[in-house]
Each structure stands twice: as structure tokens, then as C-alpha cells.
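Student: I'd like a close look at one buried spot in this protein, and then at how its surroundings are put together. Could you walk me through it in one go?

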Amino acid sequence: MRVVWKPLHRTPLHAIDRKQVAARLAEIARDAGPYAANRARAALSAHFAWLIGTGAADMNPVVGVPKPAPEERRARILTEDEIKAVLGACRDDDFGRIVRLLLLTGQRRDEVAGMAWAEIDLVGAVWKLPAERVKNGLPHDVPLSGAALGLLTKAPRLEGRTLVFGQGEGGFQGFSRAKAAHDKRSGVTGWRLHDLRRTAATGMNEIGVLPHVVEAVLNHISGHRAGVAGIYNRAIYATEKRIALDMWAAHLSAIERNARLSRYVRPGFPETDAGCDISLKR
């Protein structure tokens, strides 16, 4: 929120009105997409509600400003043919690497787009997300598969820049334009970047990863990981998460190569013998 609403930072609270809010939301929708603008609107409205409660503001200028896009519950999952087309359309640039990492890790768009070099442990092959960058406010370790590690190892480092993607201030911007060009190359339409997270979760389940391990990969504190048990199991799940993401990366690689995927029993897979083998037969 601090970044997207920066143009209003120097404006006194009493001087911020609906016209300014609506204009800025239109800019956010243009640059980052209408659903990002919805999130920005919700964050600003909540902030002003708090300011009113503290007596720092008398009114909420967001009230009456319509959402940039109607909210709808999504269930879109990319098929294997669509996954292949989407990955095949990725270029060797920031957006292409972001799309691949979204599929490989199953993490959220803004978490990947705002990734900092200080969060990446290339030796330990793990991405350490700090609590302040995570939706549920809890630190989250994401094991990096060989494919994910390779992307980050080869990513260019701009001198004096602490973030992996983007230029100037903040993480990667311009999602709408980059995705429109990407869709034109891939021929796949009607999907959003967040659908890659759902696709990764569903795909891991389909290749034999247990639901509570998928929840751990996604950093969902619900179901098997709710309450005290989730806190104490955080370290235990590190191994399961690494195996799950390695399996998923191998699965994605096979989809790209049109390799045949076959099921087999994987000895030593934590709490289950389910697994996924990648046959190189075409």
C-alpha cells in the first residue's frame, strides 16, 4: 500500500477526495490490473477507517468510489496444453521469469514480483519470505527446485538494486501490458496470474503430494496446519515441501518436453509412497 498510494503521500488527509482516489485507482488498474486496484482500494479504505477511529481523519474518501472490477470467485486451472503454451511463450526477461517462478513455487504474484536478493539463499536453495511480505503475517520458507534456482542464478543483477525484478522504485510493474503481449504469443486467454498458484496446488495434488503438504507449500494456515500444530510442524514440513516442489518442477519440465508421465511408488516419500516419475519416452 505504501508504494501504490505514494502519489498521495504529500496530500493532507483532509484534502484527499473521491476524485483523487478514483484517478489513482484508474492508474493502478492500468499498470497492475483491475484486481490489484481492487486490493489497493480495500487497503486504503481500511486505513482511513482506522484513521477515523483514532481521530486523525473525519471521513473516508474511498466510500462511494466504485471497485475497478467486480469480484468473482475464480476456479480457473490451466490444462497441461495451456501450461506448455504459457511456459513456451515466456521470454528471457523479468515477466517471463516471474511467470515461471509463479508456476514453480505456487507463491503469490506480489511476493514473487517484490522478491529481494537478500531473501534468496542460493547455497541452501531456499527463498526466505519475511513476515512483512506475507499475507498471513508469518515468515515462509520456499524450497527452490533446480529449475527455480537456475532462473534466479541466471537473472541479471542491476547495480545498486536490491530487488530481483523491475526497475526504479518497488518491484516489477506493468503486468497488464506484459501479460497481454504474452497471451498473444501463447494463444492462451481467459487466465490470470493468480490462476498459476491454483494450477500449481492442483497439479501437486494430482501427482501425489498430500493436501497438508500442499497447504504448507502455499503457506495456508488452515486445515491440517491451523492452530498450535501448524506452528510446531513448520520445521518438519521443510523436507516435504522440498520434495513436493522438486516433483512439481519435474512434472512441469515433462509437460514442456511432451514427455510421458507415469506413476510409480517413490520410496521414502514422507508419510506416503505416492510419487511421480518422469519418463523420457515421447
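Tutor: Helices here are DSSP runs of H or I with at least four residues, strands are runs of E with at least two, and both are numbered from the N terminus. With that in hand, let's start at Glu 111, which lies in helix H5, residues 109–113. Before going further: this is a predicted model, so local features need pLDDT of at least 70 and side-chain atom pairs pLDDT 80 or more, while totals for chains, interfaces and linings use all residues. Residues are numbered from 1 along each chain as its sequence is written, and side-chain values use heavy atoms, without hydrogens or water.

Back to Glu 111. Glu 111 counts as buried because its relative accessibility is 4% (buried is under 20% relative accessible area, exposed over 50%, partly exposed in between, with a 1.4 Å probe and protein chains only). A polar atom of the Glu 111 side chain sits 3.1 Å from the backbone nitrogen of Arg 108. That is a polar contact (N or O atoms within 3.5 Å, one able to donate a hydrogen and the other to accept it; sequence neighbours count only through two side-chain atoms). Setting aside residues up to four places away in sequence, Glu 111 touches Trp 127, Leu 129, Arg 133, Val 134 and Lys 135 (contact means heavy atoms within 4.5 Å). Trp 127 and Leu 129 fall within strand S2, residues 126–129.

Just ahead of that strand is Ala 125, in the loop between strand S1 (120–121) and S2. Ala 125 is no glycine, yet its phi is positive, near 55 degrees. Ala 125 is buried too, at a relative accessible area of 11%. You'll find another positive phi, about 65 degrees, at Asn 219, again not a glycine. Asn 219 sits in the loop between H9 and helix H10 (227–232), and at 4% relative accessible area Asn 219 is buried.

For another side chain reaching a backbone nitrogen, look at Asn 60, in the loop between helix H2 (34–54) and helix H3 (80–88). Asn 60 is buried at 12% relative accessible area. A polar atom of its side chain lies 2.9 Å from the backbone nitrogen of Val 62. Beyond neighbours within four places in sequence, Asn 60 is in contact with Ser 45, Phe 48, Ala 49 and Ile 52.

H3 comes up again with Val 188, which lies in the loop between helix H7 (175–186) and H8. Val 188 is buried, at 6% relative accessibility. Val 188 and Val 86 are 102 residues apart in sequence, but their C-alpha atoms are 6.9 Å apart. Val 188 touches Arg 76, Glu 82, Ala 85, Val 86 and Asp 183, leaving out residues up to four places away in sequence.

Now the helix packing. Axes are lines fitted to C-alpha atoms, for helices over the stretch in contact, with angles from 0 to 180 degrees between N-to-C directions. H8 (residues 194–206) and H9 (residues 211–218) pack at about 150 degrees, axes 9 Å apart. That makes H8 roughly antiparallel to H9 (over 145 degrees is roughly antiparallel, under 35 roughly parallel, 65 to 115 roughly perpendicular, the rest oblique). Arg 197, Ala 201, Met 204 and Asn 205 of H8 meet Pro 211, Val 214, Val 217 and Leu 218 of H9. The contact of H8 with H9 has six nonpolar residues, one polar and one charged (Ala, Val, Leu, Ile, Met, Phe, Trp, Tyr, Cys and Pro are nonpolar; Asp, Glu, Lys and Arg charged; the others, Gly among them, polar).

H9 also packs on helix H11 (residues 237–257), at about 90 degrees with the axes 9 Å apart, so these two are roughly perpendicular. His 212, Val 213, Ala 216 and Val 217 of H9 meet Tyr 237, Glu 240, Lys 241, Ala 244 and Leu 245 of H11. That contact has six nonpolar, one polar and two charged residues.

Zooming out, the protein chain has eleven helices and five strands, and 46% of its 282 residues count as buried.
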